[in-house]
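Me: I should like to understand the terms used for this structure and the reasons behind them. Please set each value against its definition.

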Amino acid sequence: MIESISKEYLLFAMDDKGRLTVLNDRINFLVACFTELYLKEFINIENEKMYINKELSNEVFYLLPLYKVIKY
């Protein structure tokens, strides 16, 4: 079972130097992060707006920058 969609995507999309070089890869990585927040019920989407459902846990601390953008 995949524990983290965003981590799996990042590992898949990075080049041999550990970079996301193509704009589409960067956009897809953001989509993976949003998807992970949504599937783990940290955010909700209603009427084309995102809302925070609960505080971010330590298990997904790597999503904190995106979480903060949504929250504020």
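**Terms and reasons**

Reply: A nonpolar surface patch of about 450 Å² is formed by Ile5, Tyr38, Leu39, Ile45 and Met50. The model is a predicted one.

Me: What makes Ile45 eligible for a patch, and where is Ile45 placed?

Reply: Residues of a patch need over 30% relative accessible area. Ile45 has a relative accessible area of 44% and is partly exposed, so the area requirement for a patch is met. Its place is in strand S1.

Me: Which elements make up the chain, and in what order do they run?

Reply: The chain has 3 helices and 2 strands. From the N terminus on, the order is α-α-β-β-α. The C-alpha trace spans about 35 × 25 × 20 Å along its principal axes.

Me: How confident is the predictor in the chain, and which elements have the lowest and the highest mean pLDDT?

Reply: The scale of pLDDT runs from 0 to 100, and the mean for the chain is 86. A value of 70 or more is reached by 97% of the residues. Among the elements, helix H1 (residues 5-13) has the lowest mean pLDDT, 79, and S1 has the highest, 92.

Me: Why is Leu20 called buried?

Reply: Buried means under 20% relative accessible area. Leu20 is at 17% relative accessibility, and therefore counts as buried. This residue lies in the loop between H1 and H2. Across the chain, buried residues make up 25% of the 72 residues.

Me: Which residues is Leu20 in contact with, leaving aside its neighbours within four places in sequence?

Reply: With those neighbours set aside, Leu20 is in contact with Leu10, Ala13, Met14, Asp25, Arg26 and Phe29. Contact requires heavy atoms within 4.5 Å. The C-alpha atoms of Leu20 and Leu10 are separated by 8.0 Å, and the two residues are 10 residues apart along the chain.

Me: Which residues of helix H3 are buried, and how do you know that they are on the same side?

Reply: In helix H3 (residues 64-71), the buried residues are Leu66, Tyr67 and Ile70. Around the axis they cover an arc of only 100°, and therefore they are on the same side of H3. Pro65 and Val69 are exposed on the other side of H3.

Me: What do the buried residues of H3 pack against?

Reply: They pack against helix H2 (23-39), strand S1 (43-46) and strand S2 (49-52).

Me: Why is the pairing of Lys40 with Glu36 called a salt bridge?

Reply: A salt bridge needs a side-chain nitrogen of Lys or Arg within 4 Å of a carboxyl oxygen of Asp or Glu. The closest N and O atoms of Lys40 and Glu36 are 3.3 Å apart, so the pair meets the limit. Glu36, at 2% relative accessibility, counts as buried, whereas Lys40, with a relative accessible area of 24%, is partly exposed.

Me: What makes the pairing of Glu59 and Lys40 a salt bridge, and which parts of the chain does the pair tie together?

Reply: The N to O distance is 3.8 Å, which is within the 4 Å limit. Glu59 lies in the loop between S2 and H3, and Lys40 lies in the loop between H2 and S1, so the pair ties together parts that are 19 residues apart in sequence. Exposed means over 50% relative accessible area, and Glu59 has 55%, so Glu59 is exposed.

Me: How do you know that Lys71 and Glu55 form a salt bridge?

Reply: Their closest N and O atoms are 3.1 Å apart, which satisfies the limit of 4 Å. The pair links distant parts of the chain, 16 residues apart, with Lys71 in helix H3 and Glu55 in the loop between S2 and H3. Lys71 is partly exposed, with a relative accessible area of 34%, while Glu55 is exposed, at 53%.

Me: Which residues are joined into one network by salt bridges that share partners, and how many salt bridges does the structure hold?

Reply: Glu36, Lys40 and Glu59 are joined into one network by salt bridges that share partners. The structure holds 4 salt bridges.

Technical notes
Residues are numbered from 1 along each chain as its sequence is written. This is a predicted model: local features need pLDDT of at least 70, side-chain atom pairs count only at pLDDT 80 or more; totals for chains, interfaces and linings use all residues. Side-chain values use heavy atoms; hydrogens and water are left out. Buried means under 20% relative accessible area, exposed over 50%, partly exposed in between (1.4 Å probe, protein chains only). Helices (H or I, at least four residues) and strands (E, at least two) are DSSP runs, numbered from the N terminus. The arc is that of the directions from the helix axis to the C-beta atoms. Patches are made of residues with over 30% relative accessible area and no salt bridge: like charges are joined within 9 Å, nonpolar side chains (Val, Leu, Ile, Met, Phe, Trp, Tyr) within 5 Å. Accessible areas come from the Shrake-Rupley method with a 1.4 Å probe; for residues, only the protein chains shown count as cover.
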